[in-house]
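Here are my notes on this one, written as a short list of points. Have the structure open while you read, and check each point against it as you go.

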Amino acid sequence: MAGLIVLGFAIAIVNLGIPAEKIFDEVYFARAGEEYLSHTPVLEWTHPMFTKEIIALSILLFGDNSFGWRFLNVVVGALEIGVIYAFAKRLTSSTLFAASAGAFLLFDGFHFVESRISTGEITISTLIVIVLYAFYRYWESVQTRVERLVASRFGWPFVATMLGGVVFSALFSLVVNIQPASHSPKEQFAKDIYNTAGAGPYTYAVAFIYALLGVYLFARIVLPRWLPQLGARVSYADGTSKIVKTWGGIDRPATLWLTVLLVALGLLASSKWNGAFDFGVVIALMCFVWLTRFWPKRPPLGNPNGFPVDIVFGLMIFVSATIYIITYLPLFLLGNGHSLADLLTLQQIMLRYHETVGGTHPYMSVWWQWPIMQIPVTYYWQNFPDIPGAATAAGHCCVAMITSLPNPVVFLSGLVSVPYIGWLALRERNRGYLLLVTAYFLQWLPWFHSPRMLFEYHFFPNLAIIVLCDAIAMQRLCMKMPPEEVGWSVASVHVAVIATFIFFYPVLTGMHIPYNAWHARMLPDILHVPHTSWIMPERPSPPGM
């Protein structure tokens with residue numbers, strides 16, 4: 001794992017500062033990092049803050065320049081490779097195929113480019129992989145669950161706590177909605193977003209519900225530890241359970257992975273709202289597993305009593321809301337007299353923005369085009385036709401391009417491997433496979449109804465799932481081969497992946513290359529694939545082509 005992480009970092013860091021100017025959405029995200037550090041109202045307020053705070057930290061550590069804007073994203077991208085390796089190792093029980101999954105991601109152009117641009121997509125993708133991996137580890141750890149039994153779990157102590165919680169929550173709502181003495185409607189919370197006139201019913205209700213949820217979690221998690229113990233219920237993967245006299249204490253692996261899951265979900269929600277898709281993945285699978293307790297035979301997905309659904313769901317909301325608010329603290333600290341009402345009003349403005357944002361863009365696309373690589377996004381394009389002494393054999397020089405182009409060997413294989421893993425999930429009742437396929441479709445299909453302008457990078461989180469499915473499918477194929485053929489077969493796949501990455505490397509990094517070399521890499525245009533072009537429609541054709 002460490003070798004893949006280091007190699008991924010080393011490859012991505014080369015010429016990271018090129019181009020020196022802000023490209024594509026760096027004009028918003030890198031600028032936001034600069035604005036944080038200069039105590040200026042942030043222009044990019046349409047997404048939550050966490051990814052922009054990573055960029056601000058990167059600038060603080062490495063300077064306000066193109067290298068500094070992008071450095072920590074390279075680190076995050078390298079870490080994603082490590083998480084993919086760990087996840088694949090769990091799913092395949094094979095070092096070889098775990099390394100293959102890591103290599104597929106490492107040598108994918110989409111991942112490579114997103115790691116080298118100062119926007120939020122690589123952080124979002126990495127957090128999603130951590131969420132899925134942590135949930136899978138948590139799911140595995142509760143296949144044998146020991147639940148403490150206490151007297152009056154929902155008796156008078158619980159009722160009294162909740163009644164007291166109503167009073168506490170009302171007081172909490174009043175206190176947190178007190179406007180600072182320096183609060184002024186003329187103060188900007190973000191660029192051109194001004195403070196509200198004051199708190200209203202909506203802000204009081206949100207604060208009240210947040211506090212009452214915290215009280216409920218206290219009553220469900222902490223309060224039972226103070227009540228008389230009656231023993232413990234042990235539930236198993238086959239759906240059976242038994243009562244024992246003693247409770248063995250906290251299940252540390254389950255607690256650890258639940259904690260990782262909750263923190264990752266909180267940071268994901270604080271990065272971009274499409275993280276809600278993965279909240280849906282976790283909730284849907286937890287509820288489905290819970291419902292299998294009514295299955296007439298052995299539960300198909302393991303212990304149906306493993307998840308304390310109400311507690312996990314409540315923690316997901318409460319912890320995520322807490323982390324979300326914390327990520328906005330810099331705006332409170334850098335501003336003058338901001339309040340909770342200002343923060344909540346900004347969220348409403350953000351929602352209206354995403355519901356109504358329109359316009360056109362040469363690289364805008366729709367959901368069904370993403371898995372077939374029909375319109376990758378060009379982040380940077382320059383031509384240099386008059387460089388002295390730079391004429392090529394074709395007589396034309398030069399262009400520089402950065403496009404978010406997936407590795408076709410890896411990416412297009414997902415058209416087969418993802419459905420195949422879905423079929424295996426149903427046939428074998430494999431929890432890990434079911435998680436991957438559920439996440440793939442719940443991260444993709446909701447975009448079908450999105451009212452906003454969309455791009456290929458909205459599909460980027462599914463790249464991680466594709467490489468995992470590719471590795472699993474390759475393992476299954478190798479299991480059907482004679483042992484002597486496995487080595488060269490796996491090696492030939494890796495050679496194809498690496499060779500493809502090297503071939504497209506110039507248009508992933510902004511290298512200056514001749515027109516004919518650039519055009520040779522625009523494969524759909526050369527092959528005349530119907531309705532498909534990797535070249536911007538407004539861009540003139542290269543001279544002599």
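1. Let's start with one side chain: is Trp69 buried or exposed? Its relative accessibility is 6%, and since buried means under 20%, Trp69 counts as buried. Bear in mind that this is a predicted model, so treat every value here as computed from that prediction.

2. Where is Trp69, and what does it touch? It lies in helix 4, which covers residues 66-92. Leaving aside neighbours within four places in sequence, Trp69 is in contact with Ala20, Glu21, Lys22, Glu26, Ala30, Glu34, Ile55, Ser58, Ile59, Gly63, Asp64 and Ser118. For a sense of distance, take Val176: Trp69 and Val176 are 107 residues apart in sequence, and their C-alpha atoms are 35 Å apart in space.

3. Now pick one of those partners, Ile59. You'll find Ile59 in helix 3. It also has 6% relative accessibility, so Ile59 counts as buried. Setting aside residues up to four places away in sequence, Ile59 touches Ala30, Gly33, Glu34, Leu37, Asp64, Gly68 and Trp69. Have a look at Phe71 too: Ile59 and Phe71 are 12 residues apart in sequence, with 8.4 Å between their C-alpha atoms.

4. Helix 3 itself is a nice one for checking geometry. It has 13 residues, 50-62, and at 1.5 Å a residue these should span 18 Å; the end C-alpha atoms are 18 Å apart, so the model agrees with the expectation. The buried residues in helix 3 are Phe50, Thr51, Lys52, Glu53, Ile54, Ile55, Ala56, Ser58 and Ile59. Just after the helix, Gly63 takes a positive phi of about 100°, and Gly63 is also among the contacts of Trp69.

5. Try the same check on helix 5, residues 95-106. How far apart should its ends be? With 12 residues at 1.5 Å each, the expected span is 16 Å, and the end C-alpha atoms are indeed 16 Å apart. Because 9 of those 12 residues are buried, helix 5 is largely enclosed by the rest of the structure. The buried ones are Phe97, Ala98, Ser100, Ala101, Gly102, Ala103, Phe104, Leu105 and Leu106.

6. What does helix 5 pack against? Its buried residues pack against helix 1 (2-13), helix 4, helix 6 (109-115), helix 15 (408-411), helix 18 (461-479) and helix 19 (483-509). Helix 4 should ring a bell, as Trp69 lies there.

7. Loops can hold buried residues as well. Asn177 sits in the loop between helix 8 (156-176) and strand 2 (188-190). At 4% relative accessibility, Asn177 counts as buried. Beyond its neighbours within four places in sequence, Asn177 is in contact with Ala199, Thr203, Tyr204, Ala207 and Leu340.

8. Now zoom out. The protein has 21 helices and 7 strands, and 54% of its 545 residues count as buried. A compact globule with 545 residues would have a radius of gyration near 24 Å; the protein has 26 Å, which agrees. Along its principal axes, the C-alpha trace spans about 85 × 70 × 40 Å.

9. Last, contacts, surface and charge. Among contacts with a separation of 6 or more, 77% are between residues 24 or more positions apart. The protein exposes about 23,500 Å², with carbon and sulfur atoms supplying 68% of it. There are 32 positive and 30 negative side chains, and the centres of the two sets lie 14 Å apart.

Definitions and conventions: Residues are numbered from 1 along each chain as its sequence is written. This is a predicted model: local features need pLDDT of at least 70, side-chain atom pairs count only at pLDDT 80 or more; totals for chains, interfaces and linings use all residues. Side-chain values use heavy atoms; hydrogens and water are left out. Helices (H or I, at least four residues) and strands (E, at least two) are DSSP runs, numbered from the N terminus. The expected span of a helix is 1.5 Å times one less than its number of residues. Buried means under 20% relative accessible area, exposed over 50%, partly exposed in between (1.4 Å probe, protein chains only). The radius of gyration is taken over C-alpha atoms; the globule rule is 2.2 Å times the number of residues to the power 0.38. Contact means heavy atoms within 4.5 Å. Accessible areas come from the Shrake-Rupley method with a 1.4 Å probe; for residues, only the protein chains shown count as cover. Lys and Arg count as positive and Asp and Glu as negative; His and the chain ends are not counted. The place of a charge is taken as NZ of Lys, CZ of Arg, CG of Asp or CD of Glu.
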